[in-house]
Amino acid sequence: MTDDPEVLIDGHPPTLAALARFAVVNDGHFTAMQVRRGAVRGLGLHLERLHAAHRALYGTSLDVDGLRRLLRAVIAVHPDASLRVTVAEPDPGHPAVLTAVRPPIEPESNPRPMRLTVVEWVRGVPGIKHVGTFPQIQYARQARAAGFDDAVLVDAAGGIAEATTANIAFARGDGIVWPAGPALPGITWRLLDRALPAAGIPSRTRPIGLRHLTGFDGAVLVNSVGIVPVAAIAGHEFPRSAEVARHLDAVYRAVPAEAV
């Protein structure tokens, strides 16, 4: 597999006209997953996300069984891959599914802790993973240009929501706290939140503002690619982040993958 994405629409090589409908109209929703040996952690949540988002955006239902068959055909060719599934409805009542396959992304065994700047902005329609991601891309680009690794997004009162393309979690003692700001509920976040209590790690969600950072000694970013420690936010250092990331990574890896 090359680094260039292999793109299909509804399981077929796209015509220029079909591809243009995705390319020139910034509408639709998507999910992104890492596939290994034809299986995905949280596959049911990914399918649930697509179905719920489609209902919310277009007022119509997805054929989830048909979607799963389509994904199964893609994964039969590429059992180890990064897979993005984008869905739109260019014609009312007729969803179109674009799949883009790239080589798998393997998380680093000892990822470098990231330093985050702060950006006052929260995503629109945060409960849906929609294709309107330009602001996050731009804020991440600006953060890197300023010497940071990424940005944490906050509301006007300094309430923390998420990073540009990942959820964020904070650690205090043995517990994990997820910020309650307007953020996309990521699949990795949801899987971890389910699994942490059984691993003996308390987990809860509550509002966290920048002024509360001194109460935490660890922070991590989580998304479908992996779990990365946070070194600092706005000058506040998190000395236990690497340790917290290792613990959460072990919990996440213990979650069984679901065959497509």
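Is Asp 249 buried, partly exposed or exposed? In this predicted model, Asp 249 has a relative accessible area of 22%, so it falls in the partly exposed class. That is just one stop on the tour, so let's start with the whole chain and come back to it.

## The chain as a whole

The secondary structure adds up to 6 helices and 15 strands. With a radius of gyration of 19 Å, close to the 18 Å that the globule rule gives for 260 residues, the chain is as compact as a globular protein of that length. Laid along its principal axes, the C-alpha trace spans about 55 × 35 × 35 Å. As for what's tucked away, 46% of the 260 residues count as buried. Take the contacts between residues at least 6 apart in sequence, and 67% of them join residues at least 24 apart.

## Salt bridges

Side chains of opposite charge can pair when their charged atoms come close. Here the count comes to 9 salt bridges. Three of them are set out below.

| Pair | Closest N to O distance |
|---|---|
| Asp 149 and Arg 112 | 2.8 Å |
| Arg 123 and Glu 162 | 2.8 Å |
| Asp 249 and Arg 253 | 2.7 Å |

Take the pair of Asp 149 and Arg 112, whose side chains meet at 2.8 Å, N to O. Asp 149 sits in the loop between α4 (134–145) and β7 (150–154), and Arg 112 in the loop between β5 (94–102) and β6 (114–120), so this bridge ties together parts that are 37 residues apart in sequence. How do the two ends compare with the solvent cut-offs? Asp 149 has 19% relative accessibility and counts as buried, because buried means under 20%. Arg 112, at 54%, counts as exposed.

The salt bridge between Arg 123 and Glu 162 also has an N to O distance of 2.8 Å. This pair links distant parts of the chain, with Arg 123 in the loop between β6 and α4 and Glu 162 in strand β8 (residues 160–163), 39 residues apart. Both Arg 123 and Glu 162 are buried.

Now back to Asp 249, which forms a salt bridge with Arg 253, the closest N and O atoms being 2.7 Å apart. Why are these two separated by about one helical turn? Asp 249 and Arg 253 are 4 residues apart in helix α6, and that spacing comes to about one turn. Arg 253 is partly exposed, with a relative accessible area of 47%. Elsewhere, salt bridges that share partners join Asp 217, Arg 240 and Glu 243 into one network.

## Where α5 meets α6

Helix α6 has another partner to talk about. The axes of α5 (residues 187–195) and α6 come within 10 Å and cross at roughly 90 degrees, and the two helices are therefore roughly perpendicular to each other. Which residues make the contact? On the α5 side they are Thr 188, Leu 191, Leu 192 and Ala 195, and on the α6 side Leu 248, Val 251 and Tyr 252. Sorted by type, the residues of this contact come out as 6 nonpolar, 1 polar and no charged.

## Loop residues

Most residues other than glycine have a negative phi, and most peptide bonds are trans. Against that background, two residues are worth a look. Arg 37 has a positive phi, near 50 degrees. Arg 37 is in the loop between β2 (29–35) and β3 (39–40), and with 74% relative accessibility it counts as exposed.

Ala 234 also isn't a glycine, and its phi is positive at about 50 degrees. Its place is the loop between β13 (226–233) and β14 (236–237). Ala 234 is exposed, with a relative accessible area of 58%.

One more alanine rounds things off. Ala 257 is found in the loop between α6 (241–253) and β15 (258–259), and it is partly exposed, at a relative accessible area of 46%. What does Ala 257 touch, leaving aside its neighbours within four places in sequence? Its contacts are with Ala 39, Val 40 and Arg 41. Ala 257 and Leu 43 are 214 residues apart in sequence, yet their C-alpha atoms are 7.6 Å apart in space.

Technical notes: Residues numbered from 1 in each chain as written. Predicted model: local features only at pLDDT ≥ 70, side-chain atom pairs only at ≥ 80, totals over all residues. Heavy atoms only, no water. Buried < 20%, exposed > 50% of the residue type's maximum accessible area, 1.4 Å probe, protein only. Contact = heavy atoms within 4.5 Å. Salt bridge = Lys/Arg side-chain N within 4 Å of Asp/Glu carboxyl O. Axes fitted to C-alpha atoms, helices over the stretch in contact; angles between N-to-C directions. Parallel < 35°, antiparallel > 145°, perpendicular 65-115°, else oblique. Nonpolar A, V, L, I, M, F, W, Y, C, P; charged D, E, K, R; others polar. Rg over C-alpha atoms; globule rule 2.2 N^0.38 Å.
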